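I set out to record, entry by entry, what I looked up in this structure. The entries are written for a reader who has not met it before.

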Amino acid sequence: ITSPSKQMLVDATANLKLCVVPCNGTVSLKSWNAAAEVRTGKGSIYVESIKTGRDSLSILCSDCSSVVKFVTGAARCTTGSGNIDLSDISGAHIYAATSTGSIKAVRIQGNQLYVSKTGSISAQRLRGDIEFHTREGNFELLDGYGFLSGTTDSGGISAKMRDWSFTDKAL
């Protein structure tokens, strides 16, 4: 679905694959039970209660803030200058990347990768394989469960792991 207008309402069977591509503006997607993709230039994105099954949720915006919560399935969220706020996501792979915005992740489970050029990464109650990369941003994790690895060029790192699971057998 593509729309140059500022407002669009889609009422459809919630188990069809969906691709929403407005030029700019706010996108809100709720209660969808299949793969979904949202691409826009600027504005804000709000996604809630998505079950993708074997497929995934994909969000791409060059200048947006994104809020994504209550997702079951793989999720990918990429933005240039906006903040990313993730919560209550469980899936095989979770990816979040931003150039200058911050990333906040709460109650995420699965293989996770968080990337930020200059923004901070703040996380709580993550489970699974957790990886992060920043150039200048700080990384902070409270209540991690699983495996943690990551790098930063000049930012600070603070991590409190409640349970540590090694992924390799090297000593």
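The notes below cover cysteines, two threonines, backbone angles and aromatic rings.

**Entry 1. The model**

I note at the outset that this is a predicted model.

**Entry 2. Cysteines**

I first asked how many disulfides the structure holds. The search returned one. Its partners are cysteine 61 and cysteine 64, with 1.8 Å between their sulfur atoms. I then looked up the handedness of the link between cysteine 61 and cysteine 64: it is right-handed, with 55 degrees about the S-S bond. I also checked the burial of the two partners, and both cysteine 61 and cysteine 64 are buried.

Why does cysteine 77 not bond to the closest cysteine sulfur? That closest sulfur belongs to cysteine 61 and lies 9.0 Å from the sulfur of cysteine 77, which is too far for a bond; a disulfide requires the two sulfur atoms to be within 2.5 Å. Cysteine 77 has 4% relative accessibility and therefore counts as buried, since the limit for that class is under 20%. I looked up cysteine 19 as well, and its relative accessible area of 25% makes it partly exposed.

**Entry 3. Threonine 79**

I located threonine 79 in strand E4, which covers residues 36–79. Is threonine 79 buried or exposed? It counts as buried, because its relative accessibility is 4%. For its polar partner, I found that the side chain of threonine 79 reaches the backbone nitrogen of glycine 82 at 3.4 Å. Leaving aside residues up to four places away in sequence, I listed what threonine 79 touches: Cys61, Ser62, Asp63, Cys64, Ile84, Ala97, Thr98 and Ser99. Both disulfide partners, Cys61 and Cys64, appear in that list.

**Entry 4. Threonine 40**

I next took up threonine 40, which is also found in strand E4. Its relative accessibility is 8%, so I entered threonine 40 as buried. Which backbone atom does the side chain of threonine 40 reach? It reaches the backbone oxygen of proline 22, at 3.2 Å. With residues up to four places away in sequence again left out, the contacts of threonine 40 include Pro22, Cys23, Asn24 and Gly25. Also among them are Ile45, Leu60, Cys61, Ser62 and Cys64. I note that Cys61 and Cys64, the disulfide pair, are thus touched by threonine 40 and by threonine 79.

**Entry 5. Positive phi angles**

I looked up the backbone angle of phenylalanine 70 and found a positive phi of about 55 degrees, although the residue is not a glycine. Phenylalanine 70 is placed in strand E4. With a relative accessible area of 41%, phenylalanine 70 is partly exposed. Aspartate 88, likewise not a glycine, has a positive phi of about 55 degrees. I placed aspartate 88 in strand E5, residues 84–98.

**Entry 6. Aromatic rings**

How many aromatic pairs does a search of the whole structure find? The search gives two. One of them joins phenylalanine 132 to phenylalanine 139; this pair is stacked, at 3.8 Å centre to centre and with 5 degrees between the planes. I checked burial here too: phenylalanine 132 and phenylalanine 139 are both buried.

My last look-up concerned a charge over a ring. Arginine 127 lies over the face of tyrosine 145, at 4.0 Å from the ring centre.

Key. Residues are numbered from 1 along each chain as its sequence is written. This is a predicted model: local features need pLDDT of at least 70, side-chain atom pairs count only at pLDDT 80 or more; totals for chains, interfaces and linings use all residues. Side-chain values use heavy atoms; hydrogens and water are left out. Rings of Phe, Tyr and Trp (its six-membered ring) pair if their centres lie within 6.5 Å; planes under 30 degrees apart count as stacked, over 60 as edge-to-face and the rest as tilted. Buried means under 20% relative accessible area, exposed over 50%, partly exposed in between (1.4 Å probe, protein chains only). A charge sits over a ring if NZ of Lys or CZ of Arg is within 6 Å of the ring centre and within 35 degrees of the ring normal. Helices (H or I, at least four residues) and strands (E, at least two) are DSSP runs, numbered from the N terminus. A polar contact is a pair of N or O atoms within 3.5 Å; within protein, one must be able to donate a hydrogen and the other to accept it, and residues adjacent in sequence count only if both atoms are side-chain atoms. Contact means heavy atoms within 4.5 Å.
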